[in-house]
Amino acid sequence: MTSIIAVNDSSRGEIFPELTRDVIDRMKDAESPRLREILELVVSHVHAIVREAKITHDEWWQAIDFLTRAGKMCSDSRQEFILLSDILGISMLVDAIDHAGGPGLSESTVLGPFYAGQQRELAAGESILLREEESEPLEMRGRVTDSQGRPIVNALVEVWQTAPNQLYDVQDEDQPDGHLRGSFRTDGAGTFRFRTIMPVSYPIPNDGPAGQLLAAMGRHPFRPAHIHFMISAPGYRTLVTHLFLDGDKYLGSDAVFGVKPSLIIRPRLIEDINTVEYDFGLADERESTRAQVEEIHRQRREL
Ligand SMILES: [Fe+2]
C-alpha cells in the first residue's frame, strides 16, 4: 500500500508528487490500455497545471462551477462543450491528428455544433432554401473525386449554413426546420450542384459559459462567412469541412480557428449569378492517420 505524505517542497518546484504517482498507479488494472494511457496523461498534465498555477480552493470551485454551468446549457440544439472545444483550438488539433491529408485530398475543418443529421435529398441544381431570403443567390458546383482525381459516383454531399439573420434553423424558431440544409448525390461524373444564398459571418452562441470565456480572454465571438460540407461515400473517409468567403473581415480571427487558405472561395459572376466551382478530394479509408498514430504509440512502447 502506498503511504501518502503531503509535501510542499517549493525549492524543488514539486508539490505532493506522491499523489500523482498514486493516482496513476491505481489505474494499472484498467481494462483498456488506450484509456489508461490517455487518463495517465490527463492526470499528469492537470496535476502539473494545478501545481504550476498554484490553484486555490476558490479558483478550483470557479472551474467546477464553470463546467457545471456548461453542462446545464446543453440541450438537443445546444452543445456548449463543442463550443468550448472549438474556441480553445482543441477541435482543430484533433482534426489535424485524425484527418488524412495529402496531394489530391481536401482539407478538413471543425464539424461545429449545428450539424442536425442527414436532411432531405434534393435533385441536382435545387435550392436548399425553404423560404425566400433577401440575399444574393449563390450557385455551388463541383466534383467529388479520389486522391487521383477519379470521380466518386453517388457520394453524399451534405450542406448547411446560416440565414442572413446570422442564425441556423435550429437556433431560430421562425425558420422552417431544414431551412438552408440539404443533401445531394454526385452523378456519374462525380459532380454536384445546388442553389443557396451568400453566407454571412455570425457570432457563435455567446450567451453562456463559452461566451463568458471568450469575453474573459478578450476575444470576439465571430466566425467568417462559410458553408458547411460533409461528404461521404463507401470506401472513403468522410470529409467534414467548410468553404469560406474571400474578403470576410473575420478570416484572420475565426473564433474557432477553422480557416485554412485552401478552403477560401471567390465567387464569380456566371450569367449574373455568383457562382463557385470547388472540387473535393476524399481519402481512401485505408489512408488513416489514426493507424499512423497507433503505430507511433506502438513503437514508443517498444523503446
Ligand atoms: Fe457554421
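Biologist: Why do strands β9 (residues 226-232) and β10 (residues 239-245) count as a pair?

Modeller: Two strands pair if DSSP finds at least two bridges between them, and since six bridges join β9 to β10, the condition is met. The two strands run antiparallel, and in β10 the bridge partner of Ile 227 is Leu 243. This is a predicted model, in which local features need pLDDT of at least 70 and side-chain atom pairs count only at pLDDT 80 or more, whereas totals for chains, interfaces and linings use all residues. Residues are numbered from 1 along each chain as its sequence is written, and side-chain values use heavy atoms, with hydrogens and water left out.

Biologist: What makes β5 and β11 edge strands of the sheet?

Modeller: Five strands form an open sheet in the order β5-β4-β9-β10-β11, with mixed pairing. The strands β5 (181-185) and β11 (264-265) each pair on one side only, which places them at the edges. Across the whole protein there are seven helices and 14 strands, where helices (H or I, at least four residues) and strands (E, at least two) are DSSP runs numbered from the N terminus.

Biologist: Which residues are the protein donors of the iron ion, and what makes them donors?

Modeller: A donor is an N, O or S atom within 2.8 Å of the metal (3.2 Å for Na, K and Ca). Tyr 168 (OH), Tyr 202 (OH), His 226 (NE2) and His 228 (NE2) lie 1.9 to 2.1 Å from the iron ion, so they fall inside the limit. Water is not among the atoms, so a site may look incomplete. Along the chain, these donors follow the spacing Y-x33-Y-x23-H-x1-H. Two of them link distant parts of the chain, with Tyr 168 in the loop between β4 and β5 and His 226 in strand β9, 58 residues apart.

Biologist: Why is the site of the iron ion called irregular?

Modeller: Four donors count as tetrahedral if all angles lie between 85 and 135 degrees, while four count as square planar, and six as octahedral, if opposite donors are over 155 degrees apart and all others between 65 and 115; anything else is irregular. The angles among the four donor atoms run from 88 to 160°, so the upper value rules out tetrahedral, and the site is classed as irregular.

Biologist: Why are Tyr 168 and His 226 called buried, and Arg 219 partly exposed?

Modeller: Buried means under 20% relative accessible area, exposed over 50%, and partly exposed in between, computed with a 1.4 Å probe on protein chains only. Tyr 168 has 0% and His 226 has 1%, so both count as buried, whereas Arg 219, at 26%, counts as partly exposed. Of the 303 residues of the protein, 41% count as buried.

Biologist: What does Arg 219 touch, and what makes those residues contacts?

Modeller: Contact means heavy atoms within 4.5 Å. Leaving out residues up to four places away in sequence, Arg 219 touches Ile 87, Leu 214, Ala 255 and Phe 257. Arg 219 itself lies in the loop between α6 (209-216) and β8 (222-223), and its side chain reaches the backbone oxygen of Ala 255 at 2.8 Å. A polar contact is a pair of N or O atoms within 3.5 Å, where within protein one must be able to donate a hydrogen and the other to accept it, and residues adjacent in sequence count only if both atoms are side-chain atoms; the 2.8 Å separation is therefore inside the limit.

Biologist: Why do Arg 185 and Glu 121 count as a salt bridge?

Modeller: A salt bridge is a side-chain nitrogen of Lys or Arg within 4 Å of a carboxyl oxygen of Asp or Glu, and the closest N and O atoms of Arg 185 and Glu 121 are 3.3 Å apart, so the pair qualifies. Arg 185 lies in strand β5 and Glu 121 in the loop between α5 (90-98) and β3 (137-145), so the pair ties together parts that are 64 residues apart in sequence. The structure holds 18 salt bridges.

Biologist: Which salt bridge joins Arg 181, and are its residues buried or exposed?

Modeller: The side chains of Arg 181 and Asp 169 meet in a salt bridge at 2.8 Å, N to O. Arg 181, at 1% relative accessibility, counts as buried, and Asp 169, at 6%, is buried as well.
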